[in-house]
Amino acid sequence: MSIGGGELKAFMSAQNNAIVNAEQGDHDRCGWFHPAAAHRATAAPTSGTAWRLVLLGAPGVGKGTQADLLNQRLDACHLSTGDLFRAASKQKESDQSPAMRSAMEHMRRGELVPDSTVWEMVRERTNSIRCSSGFVLDGFPRTLGQAEALKQLMESEKIPLNAVVNYELPLANIVARLSGRRTCEKCKAVYHVTGNPPKIEGVCDRCAGKLFQREDDRPESITVRMAVYERSTAPLIEFYKALGVLVSIPAIGSPEDIYARTIETLKARA
Ligand code: AP5
């Protein structure tokens with residue numbers, strides 16, 4: 001199963017504004033999925049160190065929130081496969097291939113999109129992995145097959161992975177975070193109705209876009225996502241532990257607390 005050129009063009013055009021923002025120093029979370037983000041491959045990291053990180057953790061643990069902070073403050077590029085699929089789901093149904101429609105169905109139910117579809121999208125953006133400012137992978141890899149494929153790609157490109165950050169949080173906190181999440185339909189910024197509300201209800205602080213609740217944040221989808229995480233993604237913890245790159249971080253506290261904990265731990269390893 002693969003994605004056709006039509007979808008890829010649609011993703012690119014949906015992300016054009018994000019790229020312009022990134023060039024102006026405003027780090028949008030969907031920016032570097034665009035192949036044009038390869039322009040950053042030549043840019044020196046403004047933070048001094050190019051971090052190449054994978055963020056692991058159950059759905060709703062706060063990976064996207066941390067990826068945003070890391071992206072903005074380390075000048076790293078942020079790749080979220082979930083954002084990419086959500087952008088694709090906004091396309092007209094007639095513009096979507098059978099493979100993409102099937103991917104959307106998997107996502108709505110809370111299941112994983114097949115590896116072949118995910119890998120096709122990531123492979124198309126190999127240039128972004130060469131980004132000299134570093135990168136943060138959020139939601140990828142998610143299966144042992146994807147992790148093996150990424151490992152081979154990075155070895156063939158001679159690009160090292162600095163660390164895999166595994167965020168840990170009790171289930172009750174995760175469910176509370178997911179059920180109150182709101183996302184900007186335009187720039188993908190993430191809020192929480194009580195923990196991190198926007199200044200004006202339903203409106204994004206950054207771009208004035210409309211906030212929406214994700215379809216897969218319904219209780220029945222959350223249950224499926226948690227089971228899928230345990231079955232398919234949790235085994236990556238042992239995979240990366242064996243490679244000596246795993247770092248576990250408690251995801252309790254404010255986003256700033258967790259960010260500080262993450263940076264402190266990463267710097268201690270560097
Ligand atoms: P994806 O978008 O990757 O979803 P996910 O992994 O389930 O993670 P989430 O986005 O739900 O949560 P998060 O950990 O990023 O938390 P967030 O920061 O938003 O994937 C969605 C779907 O796409 C998958 O189910 C699958 O179908 C498909 N897919 C994607 N990638 C795939 C792949 N590689 N292979 C196969 N299929 C794939 O935070 C959650 C909430 O908590 C927010 O409201 C936030 O404001 C709040 N919050 C965050 N931090 C804190 C804090 N410290 N304190 C209080 N509240 C907080």
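The protein chain has 12 helices and eight strands. Keep in mind that this is a predicted model. Of the chain's 270 residues, 40% count as buried. Looking at contacts between residues at least 6 apart in sequence, 73% of them join residues at least 24 apart.

I'll start with the sheet. It is an open sheet of five strands in the order 2-3-1-4-8, and the pairing is parallel. Strand 2 and strand 8, residues 246-250, are the edge strands; each has a single partner, so one side of each has no neighbour in the sheet. On average, neighbouring strands are turned by 20° against each other, direction ignored.

Now across the sheet, pair by pair. Strand 2, residues 77-80, runs parallel to strand 3, residues 134-138, with four bridges between them. Cys77 stands opposite Phe135 of strand 3 there. Next, strand 3 is joined to strand 1 by five bridges, again parallel. In that pair, Val54 has Leu137 of strand 3 as its bridge partner. Strand 1 then pairs with strand 4 over four bridges, also in the parallel sense, and here Leu55 is partnered by Val165 of strand 4. Lastly, five bridges join strand 4 to strand 8, which run parallel; Tyr167 has Ile249 of strand 8 as its bridge partner.

What covers the sheet? Helix 3 packs on it, touching strand 1, strand 2, strand 3 and strand 4, and its direction makes about 170° with that of strand 3. Helix 12 lies across strand 1, strand 4 and strand 8, at about 150° to strand 8.

Two strands deserve a word on burial. In a regular strand, side chains alternate between the two faces of the sheet. In strand 2, Cys77 and Leu79 are on one side, His78 and Ser80 are on the other, and all four are buried, so both faces of the strand are covered. In strand 4, five of the six residues are buried, so this strand is largely enclosed by the rest of the structure.

That leads to the core. Nonpolar side chains in soluble globular proteins tend to be buried together. Here the largest nonpolar core has 45 residues, and the ones with the most contacts inside it are Leu53, Leu55, Phe135, Val136, Leu137 and Val165. Strand 1, residues 51-56, gives this core its largest share, five residues. There is also a second, separate core of six residues, including Cys184, Val190, Tyr191 and Leu211.

Which residues does Val136 touch, leaving out those up to four places away in sequence? They are Leu53, Leu55, Ala67, Leu70, Asn71, Ala76 and His78.

On to the ligand. There are 37 residues around the ligand, and those that come nearest are Pro59, Gly64, Gly82, Gly139 and Arg177. The elements giving two or more residues to this shell are helix 3, helix 4, helix 5, helix 9, strand 6 and helix 12. By class, the shell has 13 nonpolar, 17 polar and seven charged residues.

One last residue, in helix 5: Ser102. Why is Ser102 classed as partly exposed? Because 15 other C-beta atoms lie within 10 Å of its own, and a buried residue would need 20 or more, an exposed one 12 or fewer. The C-alpha atoms of Ser102 and Thr117, 15 residues apart along the chain, are separated by 9.9 Å.

Definitions and conventions: Residues are numbered from 1 along each chain as its sequence is written. This is a predicted model: local features need pLDDT of at least 70, side-chain atom pairs count only at pLDDT 80 or more; totals for chains, interfaces and linings use all residues. A nonpolar core is a set of buried Ala, Val, Leu, Ile, Met, Phe, Trp, Tyr and Cys residues joined through C-beta atoms within 7 Å. Two residues are in contact if their C-beta atoms, placed from the backbone, lie within 7 Å. A residue is near a molecule or strand if its C-beta atom, placed from the backbone, lies within 6 Å of it. Ala, Val, Leu, Ile, Met, Phe, Trp, Tyr, Cys and Pro count as nonpolar, Asp, Glu, Lys and Arg as charged, and the others, Gly among them, as polar. Two strands pair if DSSP finds at least two bridges between them. Axes are lines fitted to C-alpha atoms, for helices over the stretch in contact, and angles run from 0 to 180 degrees between N-to-C directions.
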